[in-house]
Amino acid sequence: MVEVKISEDIKIGANNPCFIIAEVGQNHQGDIEIAKKLIKAAKEAGASCVKFQKTCLKEKFTKKYLEKPYNNPNSWGYTYGEHKKHLEFSETQYRELFRYAHEIGILFTASAMDMVSFDFLVNLKVPFIKIGSGDSNNLLFLKYAASKNIPLIISTGMVDKSAVKTIYDIISAQHKQFCLLHCISAYPVPFEDCNLTVLQDYKNTFDIPVGYSGQELGTAVALAAVALGAKVLEKHITLDKTMKGTDHVCSLTPTEFQQLVRDVRVIEASMGTPIKRVVTSEIPCIDKLQKSLVMGSTKNKGEILYPGDVKIKVAEPKGLNALHFEEVIYKTLVYDKKEDDPLNQGDFC
Ligand SMILES: CC(=O)N[C@H](C=O)[C@@H](O)[C@H](O)[C@H](O)COP(=O)(O)O
Ligand SMILES: C=C(OP(=O)(O)O)C(=O)O
């Protein structure tokens, strides 16, 4: 299994901890102070990285699309272009946010929503670039991104498996420093559309780390993704789910994000080995409550132990592990025994 190297000490895949991305996206409302609060919240929640969305509007959208009226409660302008312009930070502001994240000690990156933004992010020296589902069918862009020497995390919403294979082929023709995220692009995703077991299929198909970008409500699905082997997890973060904006409703508050990170680490620690065995932490309970073989009645040396003569009880001192019951039946007692006395190896022949 390929490991994707994000920095000198952070790798994704194999046995490395799940890489958890706090997706600010456009939940900053176009306000750099809110953006900084979200970066801080991501850091305090224990996220591995905080992520924004970088767009060059003229590159991503047609002129006509930008001029379309965007008349809904989440709109920041009369047209879609005005709306998006309000939510877009300048390159200078990006540099400020990048510096701020660096100062407080959290990795910073963004989704490149087009090639111009991709180049800007490469120059900013982000540790990796995210390619969102909006570009999962953009083969030109994927080829361009693959040709650059930077790790990629690529979401696969809005396309089917054959397109995902195409994405894999395009990038892996250049390098294997990339991850594929299962994603359903709906805000929020109905639980029955999450199709989380796709992750297992990705794991079986691809030799690179796979993960999950979740737009459903809450943390349960994301946690299940980690149990299914997600090595990258992305969830939106917000200061307040009731704020204006398309993504707030399917985002996590800082407290919820913190709980998510905590629970991911618990799940990782608890996955362990598929070999079922008795573990050291069970010994006190074995000593206290595991049942063993004892005499069901008083019997003397030389007598045969019939089924009713041997009982399985919690005893002190213990007899043989109760799994040995069948081996004891119809054996002859070597010593006199009273009811409830433990039965051990050497007590019968
Ligand atoms: C597919 C994609 O890009 N999705 C992104 C990531 O999840 C979203 O954050 C969109 O940018 C957002 O939902 C757009 O909302 P509006 O159109 O109201 O600005
Ligand atoms: C659209 C994005 O992500 P996803 O497809 O994972 O929701 C993004 O990162 O901008």
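A molecule is said to sit in a pocket if more than half of its atoms lie within 2 Å of the grid points of that pocket. By this criterion, ligand 2 sits in the largest pocket, and ligand 1 likewise sits in the largest pocket.

The model described here is predicted. Its scores are ipTM 0.98 and pTM 0.94. The protein chain has a mean pLDDT of 97, with 100% of its residues at 70 or more.

**Surroundings of ligand 1**

The shell around ligand 1 comprises 13 residues, of which Gln 26, Tyr 80, Tyr 187, Thr 246 and Asp 247 are the closest. Sorted by class, this shell contains five nonpolar, six polar and two charged residues. Helix H4, which spans residues 80-87, is the element that gives the most to the shell, contributing three residues.

Several side chains place a polar atom beside an oxygen atom of ligand 1. For Thr 246 the separation is 2.3 Å, for Tyr 80 it is 2.5 Å, and for Gln 26 it is 2.6 Å. On its own, ligand 1 has 470 Å² of accessible area, and the protein covers 83% of that area.

**Surroundings of ligand 2**

Ligand 2 is also surrounded by 13 residues, and those that come nearest are Ser 111, Lys 130, Ser 133, Ser 155 and Ser 213. The class division of this shell is two nonpolar, seven polar and four charged residues.

Polar side-chain atoms again lie beside oxygen atoms of the ligand. Ser 133 has such an atom 2.5 Å from an oxygen atom of ligand 2. In the side chain of Lys 51, an N or O atom is 2.8 Å from an oxygen atom of ligand 2, and for Gln 215 the corresponding distance is 3.0 Å. The protein covers 93% of the 290 Å² of accessible area that ligand 2 has on its own.

**Polar contacts with the ligands**

The table collects the side-chain contacts described above.

| Residue | Partner | Distance |
|---|---|---|
| Thr 246 | oxygen atom of ligand 1 | 2.3 Å |
| Tyr 80 | oxygen atom of ligand 1 | 2.5 Å |
| Gln 26 | oxygen atom of ligand 1 | 2.6 Å |
| Ser 133 | oxygen atom of ligand 2 | 2.5 Å |
| Lys 51 | oxygen atom of ligand 2 | 2.8 Å |
| Gln 215 | oxygen atom of ligand 2 | 3.0 Å |

Each of these pairs counts as a polar contact because its N or O atoms lie within 3.5 Å.

How values were computed. Residues are numbered from 1 along each chain as its sequence is written. Chains are lettered from A and ligands numbered from 1 in the order in which they are written. This is a predicted model: local features need pLDDT of at least 70, side-chain atom pairs count only at pLDDT 80 or more; totals for chains, interfaces and linings use all residues. Side-chain values use heavy atoms; hydrogens and water are left out. A residue is near a molecule or strand if one of its heavy atoms lies within 4 Å of it. A polar contact is a pair of N or O atoms within 3.5 Å; within protein, one must be able to donate a hydrogen and the other to accept it, and residues adjacent in sequence count only if both atoms are side-chain atoms. Accessible areas come from the Shrake-Rupley method with a 1.4 Å probe; for residues, only the protein chains shown count as cover. On a 1 Å grid over the protein atoms alone, a cavity is a set of points where a 1.4 Å probe fits but cannot get out, and a pocket is an open set with protein on both sides within 12 Å along at least five of seven lines; lining residues have an atom within 4 Å of a point. Helices (H or I, at least four residues) and strands (E, at least two) are DSSP runs, numbered from the N terminus. Ala, Val, Leu, Ile, Met, Phe, Trp, Tyr, Cys and Pro count as nonpolar, Asp, Glu, Lys and Arg as charged, and the others, Gly among them, as polar. pLDDT is the predictor's confidence in each residue, from 0 to 100.
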